[in-house]
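Here are my notes on the model you sent over. I've kept them as numbered points so you can follow along in the viewer.

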Amino acid sequence: MPELRKMLRWFHIFGGLYLGTFLFSPLIEYPSALLAARIVSVGLLLSGVSMWQWPRVTRAIRGLQGQ
């Protein structure tokens, strides 16, 4: 778990840097950069929610394994 948390933390740092660069630069005019920003933002959202709800997810998995 600590390795996963460290990896997700770096993903959030680099993803945030990309989104900040995207918003404050002329990259916003390029469709491919817009697609990449959308993909990065969805990835940041999903990984953030998974880190936030990790204890609940692990309890649910343990409950399913016990059945």
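1. Met-7 sits in helix α1. Is Met-7 buried or exposed? In this predicted model, Met-7 has a relative accessible area of 54%, and since exposed means over 50%, that makes Met-7 exposed.

2. Met-7 also belongs to a nonpolar patch on the surface, alongside Leu-4, Trp-54, Val-57 and Ile-61. Together these residues offer about 420 Å² of accessible area. Which helix gives the largest share of the patch? That would be α3, with 3 residues. Both α1 and α3 (54-65) put in at least two residues each, so have a look at both helices when you colour the patch.

3. Staying with α1, its 22 residues reach 31 Å from the first C-alpha to the last. That is close to the 32 Å you'd expect at 1.5 Å a residue.

4. Which residues of α1 are buried? Leu-8, Gly-15 and Phe-22 are. Looking down the axis of α1, the buried residues fall within an arc of 50°, so they line one face of the helix. Turned away from that buried side is a face with the exposed residues Pro-2, Glu-3, Lys-6, Phe-14 and Leu-17. Do note that Phe-14 and Leu-17 are in that exposed set.

5. Between α1 (2-23) and α2 (31-52) there is a loop, and Ser-25 lies in it. Why does Ser-25 count as buried? Its relative accessibility is 19%, and the cut-off for buried is under 20%. The side chain of Ser-25 has a polar atom 2.6 Å from the backbone oxygen of Thr-21.

6. On to α2, where the end C-alpha atoms are 32 Å apart. With 22 residues at 1.5 Å a residue, α2 should span 32 Å, so the two values agree.

7. The buried set in α2 consists of Ala-33, Ala-37, Val-40, Leu-44 and Ser-47. Around the axis they cover an arc of only 105°, which puts them on the same side of α2. The other side of α2 has Pro-31, Leu-35, Arg-38, Ile-39, Leu-45 and Leu-46, which are exposed.

8. Ser-47, one of the buried residues of α2, has a relative accessibility of 9%, so it counts as buried. How far apart are the C-alpha atoms of Ser-47 and Leu-8? They are separated by 7.0 Å, although the two residues are 39 apart along the chain. Leu-8 is in turn among the buried residues of α1, so if you want a pair of buried positions from the two helices to look at, try Ser-47 and Leu-8.

9. Met-51 is another residue of helix α2. At a relative accessible area of 24%, Met-51 is partly exposed, because the buried class ends at 20%. From the C-alpha atom of Met-51 to that of Phe-11 is 12 Å, with their positions 40 residues apart along the chain.

10. Last one: Ser-32, which also has its place in helix α2. Its relative accessibility is 57%, so Ser-32 counts as exposed. The C-alpha atom of Ser-32 is 18 Å from that of Leu-44, and the two are 12 residues apart along the chain. Leu-44 itself is on the buried list for α2, whereas Ser-32 is exposed.

Note on methods
Residues are numbered from 1 along each chain as its sequence is written. This is a predicted model: local features need pLDDT of at least 70, side-chain atom pairs count only at pLDDT 80 or more; totals for chains, interfaces and linings use all residues. Side-chain values use heavy atoms; hydrogens and water are left out. Helices (H or I, at least four residues) and strands (E, at least two) are DSSP runs, numbered from the N terminus. Buried means under 20% relative accessible area, exposed over 50%, partly exposed in between (1.4 Å probe, protein chains only). A polar contact is a pair of N or O atoms within 3.5 Å; within protein, one must be able to donate a hydrogen and the other to accept it, and residues adjacent in sequence count only if both atoms are side-chain atoms. Patches are made of residues with over 30% relative accessible area and no salt bridge: like charges are joined within 9 Å, nonpolar side chains (Val, Leu, Ile, Met, Phe, Trp, Tyr) within 5 Å. Accessible areas come from the Shrake-Rupley method with a 1.4 Å probe; for residues, only the protein chains shown count as cover. A salt bridge is a side-chain nitrogen of Lys or Arg within 4 Å of a carboxyl oxygen of Asp or Glu. The expected span of a helix is 1.5 Å times one less than its number of residues. The arc is that of the directions from the helix axis to the C-beta atoms.
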